[in-house]
Amino acid sequence: MEMLDELAESIIAGSASKSEELTQKALAAGTKPVDVLNKGLIAGMEVVGQKFKNNEFYVPEVLIAARAMKAGLKLLRPKLAETGVEPLGRFVLGTVKGDLHDIGKNLVAMMMEGAGYEVIDLGVDVSPEKFANAAKENKAQVIGISALLTTTMIKMKDVIQQISDMGMRESVKIVVGGAPLTQEYADEIGADGYAADAASAVELVKSIVN
Ligand code: B1M
């Protein structure tokens with residue numbers, strides 16, 4: 001098997017040690033860092049995303065795959081910075097104010113990173129001001145808001161309002177997700193998109209920014 005296919009397989013299998021070893025080997029063999037990223041790590045994570053979407057993989061497998069990916073990325077990051085590869089875009093992400101659930105959000109963050117975006121993860125219980133300021137400071141193209149409670153999803157509207165109040169609504173897209181959300185609700189509050197799961201969130205962001 002070609003080395004980069006093997007690297008992709010190591011992500012799907014969730015082996016951090018193999019991913020690290022193969023990333024190291026590929027770089028030592030003179031493979032371009034961007035190819036190691038796209039044809040190895042990201043290719044593997046794309047398969048993981050598909051399997052997750054099709055219910056062939058569950059949360060633990062995705063977390064283990066993400067850990068394997070991080071092991072490879074750790075070696076790759078400095079090389080990518082050297083060769084000046086720009087991220088696909090910057091994505092500010094957080095769980096809405098009052099809400100402490102972060103497992104789904106973390107999956108979204110990992111999948112977005114895996115797809116080549118720079119993720120600015122603000123954590124949980126994030127105020128509208130914090131979302132807006134982070135988007136401004138980081139010149140983010142997209143803001144992602146997660147909510148797991150029916151009592152907190154209504155706060156997403158405040159984030160969108162804050163973005164508008166700061167005159168940034170034209171320059172930043174807003175996507176929302178989380179178990180209690182629906183496309184209808186996303187439309188109602190004026191979000192640019194809704195994704196039901198982490199893999200769809202990546203597809204959604206790719207489709208609205210490019
Ligand atoms: Co809470 N909780 N919880 N909880 N909890 C739920 C959500 C609940 C449905 C359980 C229930 O009653 N059946 C219920 C909500 C009811 C409602 O509002 N309709 C509930 C409640 C009531 C509460 C408390 C109020 C309980 C209490 O204290 N009385 C409390 C609230 C605390 C707070 O937030 N202020 C609370 C606390 C907690 C824990 C801290 C114990 C823990 C959270 C730990 C953590 O996250 N670090 C917890 C957990 C684990 C759950 C359940 C069991 C699991 C949630 C989860 O992680 N799912 C949950 C019941 C359930 O869903 N079975 C429940 C796995 C995760 C991968 O899925 O987060 O849906 P999910 O993410 C998915 C998609 O939704 C989507 O992609 C992800 C991956 O595919 N997605 C996005 C998520 N965000 C996205 C953003 C996007 C796009 C897609 O774009 C930006």
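These legends walk through a few views of a predicted model.

**View 1. The whole chain, as a starting point.**
Welcome to the overall fold, which is built from 10 helices and 5 strands. The C-alpha trace spans about 50 × 35 × 25 Å along its principal axes. For 210 residues, a compact globule would have a radius of gyration near 17 Å, and the chain agrees with this at 17 Å. Buried residues make up 48% of the chain. Among contacts with a separation of 6 or more, 72% join residues 24 or more positions apart. On the outside, the chain exposes about 10,100 Å², with 52% of that area supplied by carbon and sulfur atoms. The chain carries 22 positive and 29 negative charges, and the mean positions of the two sets are 4 Å apart.

**View 2. The cobalt atom of the ligand and its protein donor, H101.**
Which protein residue gives a donor to the cobalt atom of the ligand? The only one is H101, whose NE2 atom sits at 2.2 Å from the metal. To find H101 in the fold, look in the loop that runs between strand β1 (90-95) and helix α5 (103-114).

**View 3. K105 in helix α5.**
Staying with helix α5, this view picks out K105. Is K105 buried or exposed? Its relative accessibility is 3%, under the 20% limit, so K105 counts as buried. Leaving aside residues up to four places away in sequence, K105 touches L93, G94 and T95, together with D121, G123, V124 and S146.

**View 4. K25 in helix α2.**
Here is another lysine, K25, found in helix α2, which covers residues 16-28. K25 has a relative accessible area of 45%, so this residue is described as partly exposed. Where does M3 come in? M3 and K25 are 22 residues apart in sequence, and their C-alpha atoms are 8.4 Å apart in space.

**View 5. A191 in the loop between α9 and β5.**
The last stop is A191, in the loop that links helix α9 (183-189) with strand β5 (193-195). This alanine is buried, because its relative accessible area is 12%. Which residues does A191 touch, once those up to four places away in sequence are set aside? They are I160, R169, I174, V176 and A186. For V176, there is also a distance to look at: its C-alpha atom is separated from that of A191 by 7.0 Å, with the two residues 15 apart along the chain.

Note on methods. Residues are numbered from 1 along each chain as its sequence is written. This is a predicted model: local features need pLDDT of at least 70, side-chain atom pairs count only at pLDDT 80 or more; totals for chains, interfaces and linings use all residues. Side-chain values use heavy atoms; hydrogens and water are left out. Donors are N, O and S atoms within 2.8 Å of the metal (3.2 Å for Na, K and Ca); water is not among the atoms, so sites may look incomplete. Helices (H or I, at least four residues) and strands (E, at least two) are DSSP runs, numbered from the N terminus. Buried means under 20% relative accessible area, exposed over 50%, partly exposed in between (1.4 Å probe, protein chains only). Contact means heavy atoms within 4.5 Å. The radius of gyration is taken over C-alpha atoms; the globule rule is 2.2 Å times the number of residues to the power 0.38. Accessible areas come from the Shrake-Rupley method with a 1.4 Å probe; for residues, only the protein chains shown count as cover. Lys and Arg count as positive and Asp and Glu as negative; His and the chain ends are not counted. The place of a charge is taken as NZ of Lys, CZ of Arg, CG of Asp or CD of Glu.
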